[in-house]
Number of protein chains: 2
Amino acid sequence: MAESPETPSSPRESARHSVTLQDIAAHAGVSRSTVSLVLRGSSLVADTTRTRVQASIQALGYVYNRGAAALRASRTFTLGVVVYDIANPFFGAMVAGIDSVLHRENYVSFLANSEDSPQRQQRFLERMREQRVDGLLLCPAEGTDPALVSRLADWSLPCVQVLRHVGEPPFDYAGTDFELGVRQAVDHLVTCGHRRIVFLGGDAEHSATQARHRGYHEAMRAHGLDDVHRVIRGPVTRRAGFDAVQRLMQESPRPTAVICHNDLMALGAMLGLQRLGLTPGQDCAVIGTDDIEEAALSLPALSSVATHPYAIGEEAARLAMRRIADPDGTREQVILTPRLHVRDSCGPCTADATPPRRCTDVVDI
Amino acid sequence: MAESPETPSSPRESARHSVTLQDIAAHAGVSRSTVSLVLRGSSLVADTTRTRVQASIQALGYVYNRGAAALRASRTFTLGVVVYDIANPFFGAMVAGIDSVLHRENYVSFLANSEDSPQRQQRFLERMREQRVDGLLLCPAEGTDPALVSRLADWSLPCVQVLRHVGEPPFDYAGTDFELGVRQAVDHLVTCGHRRIVFLGGDAEHSATQARHRGYHEAMRAHGLDDVHRVIRGPVTRRAGFDAVQRLMQESPRPTAVICHNDLMALGAMLGLQRLGLTPGQDCAVIGTDDIEEAALSLPALSSVATHPYAIGEEAARLAMRRIADPDGTREQVILTPRLHVRDSCGPCTADATPPRRCTDVVDI
DNA sequence: CCTCAGATTTGGATCAATCCAAAAACGAGG
DNA sequence: CCTCGTTTTTGGATTGATCCAAATCTGAGG
């Protein structure tokens, strides 16, 4: 009847300090270490013991303390994710893809929005270091110091770059072959008889912009179209597409097709054509990049090079998991293959001397 | 010349174990405690000491260990954020708003996407508890157990509900007055002469859906339009809007206006009208909710009730900060006032006997 | 009954910080 | 030079888990 030290749990005690391994151990009549092993699903503990301990865990309403565990085990099951524009639907889809993989792997992620500012990005990275994240998914902000990646390596913080990349290979990277994407668009348009194809591109200097421009240049050259080859640089917004296409259509001879850096620009370009009383796909072909949901539903439906944001997110997260498990493994680059979805916004060329031929490429909804 | 214990730092040592308070203390010739005080910006330390310690911190490349600090101080500077559809642009904007406040407050956030599954949500919440987050921002998944909120309170985990809410007040909440938003839309349409106004709504049973329906019912009643009052329930997607409006326009007499649960539905509805050869804003008025970026750029430009996702995110984060600072303070509900942006998709009613009058309300770009 | 290998269990040290009561240093006044 | 009251600084305990080497338990074989 006397108070025995083996029965420490009183109803109010749980309020005083949270239940710990020690409490479970006392309740189940085993040691702290055994409880720890049960929690981590070790095969060392006997089945009867395991059951007893699990019952105590239930009974006392124990909550695992990951912070304490991480302190000793130096593994946090935590990942940092930096994007530069979370308000952009593309990143929403990408983050959803990341989340799906992390959920499976029992990881959680810190998310931050750099707003394309290297300073904000830097601050977040420092914070992530303090949090001792196991790894990092980084869409580098425009103007990121190329030395950053090697600095992260010095900190031995696994980092997977996503969509854009800076610094020298080898590094881990997940993205899309933007170069190929633009080439597909040019090839398709040329097949449809177009020659005066303009590229409406971005003015930033990161890898994703460069790759698109390279793709455009090379495809045009391959088709012997160096003479009509033309890039307009500027912001990659709806309005920029809207304005640029209207300026272009005043010219003579005017372009018969435009390829846009992303779908927002392309949708803007279509509106610009309509504003001039022209019909996209008839008077001027328009092809976008990303294939956001809106593309298939616009009028006319926008042809677009799909870049699969959800899949990129999944691949990036998978890569991070792999690098965390094997920090010294060889770096990997996962480059997804984009796919042109042909819809109504790019028809055969009717403006040029070239006899209009029927397009027979794949047509998607 | 003999190795003195006061100079412990050798170049390779930093690789062996990470630099700790102890190392800084030794380097600066003070105690662990003093270094800790400096790190936390305490006013107790003398200026000369502070400078010396800070120099040592720089010299040794020390990185604060938040995990260890949190273990003792039981404060993590960490917030959990659960949304149900991160791929939706609305949430992208909201998360950006949250992020901006947290960045200022030196907090970081764990983000998870419940995909509107209470199970996924539950699992994330448990994980957040294990991480000992200081608080929670929760957009409850459809079907969330109303008891959840009080359970969180039992765990003494501050929780701010966002956009939707479950359980019994008082609780912390940040959202928009959806009821008022719909009422504004109805009032405007009635002013323009419309009477047969249909509401295209959601089929879910959470607070945000209910509020919209209530707003519609009451506004219609206030205008004596009980007899023509009509709600269509279904998913809240582009396609649902597209389909529903086409079915409605087959009827006789047909509605002269539709108000939609969100902008995606409204954009779909406009496409549906165009598919039938009708002109939105002329043959049938369309008003959406949210005022996403796309709304102003569609053709015709969509009238929409702005719900300010970025601002909601900011308010929610601010509320969380307040509740963490004062856990027993009275709960607060921040309800933002929505604002109807009138554009081309809702003109005067031309179909009815009522003499069409000129709309003189505010017109926005 | 003893031995020994294999299966379980354990306690003490450790991770890197904060808390707190007490000690030390300091400066002014007697 | 000695108090006395601030201002600074300090060491030991504490937080809640994991690691690891050693202790204990088991059961089969001799």
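Q: How far from a phosphate oxygen of DNA strand D is an N or O atom in the side chain of Y62(A)?
A: This is a predicted model. Y62(A) is among the residues that come nearest to DNA strand D. The separation between an N or O atom of the Y62(A) side chain and a phosphate oxygen of the strand is 2.4 Å.

Q: Which element gives the largest share of the surface near DNA strand D?
A: Elements that give two or more residues to this surface are α3 (32-39) and α5 (66-73) of chain A, along with α3 (32-39) and α5 (66-73) of chain B. The largest share is five residues, and the element that supplies them is α5(A).

Q: Which residue has a backbone N or O atom 2.7 Å from a phosphate oxygen of DNA strand D?
A: Of the strand's atoms within 4 Å of the protein, 65% belong to sugar or phosphate. At S18(A), an N or O atom of the side chain is 3.4 Å from a phosphate oxygen. The backbone atom at 2.7 Å belongs to L21(A).

Q: Is L163(A) buried or exposed?
A: L163(A) sits in the loop between β4 and β5 of chain A. Its phi is positive, about 70°, although the residue is not a glycine. Most residues other than glycine have a negative phi. Because its relative accessibility is 5%, under the 20% cut-off, L163(A) counts as buried.

Q: Which residue does a cis peptide bond join to P170(A)?
A: P170(A) lies in the loop between β4 (159-162) and β5 (172-176) of chain A. Most peptide bonds are trans. Here omega is about 0°, and the partner in the cis bond is P169(A).

Methods. Residues numbered from 1 in each chain as written. Chains lettered and ligands numbered in written order. Predicted model: local features only at pLDDT ≥ 70, side-chain atom pairs only at ≥ 80, totals over all residues. Heavy atoms only, no water. Near = heavy atom within 4 Å. Polar contact = N/O pair within 3.5 Å; in protein donor to acceptor, adjacent residues only side chain to side chain. Helix = DSSP H or I, 4+ residues; strand = E, 2+ residues; numbered from the N terminus. Buried < 20%, exposed > 50% of the residue type's maximum accessible area, 1.4 Å probe, protein only.
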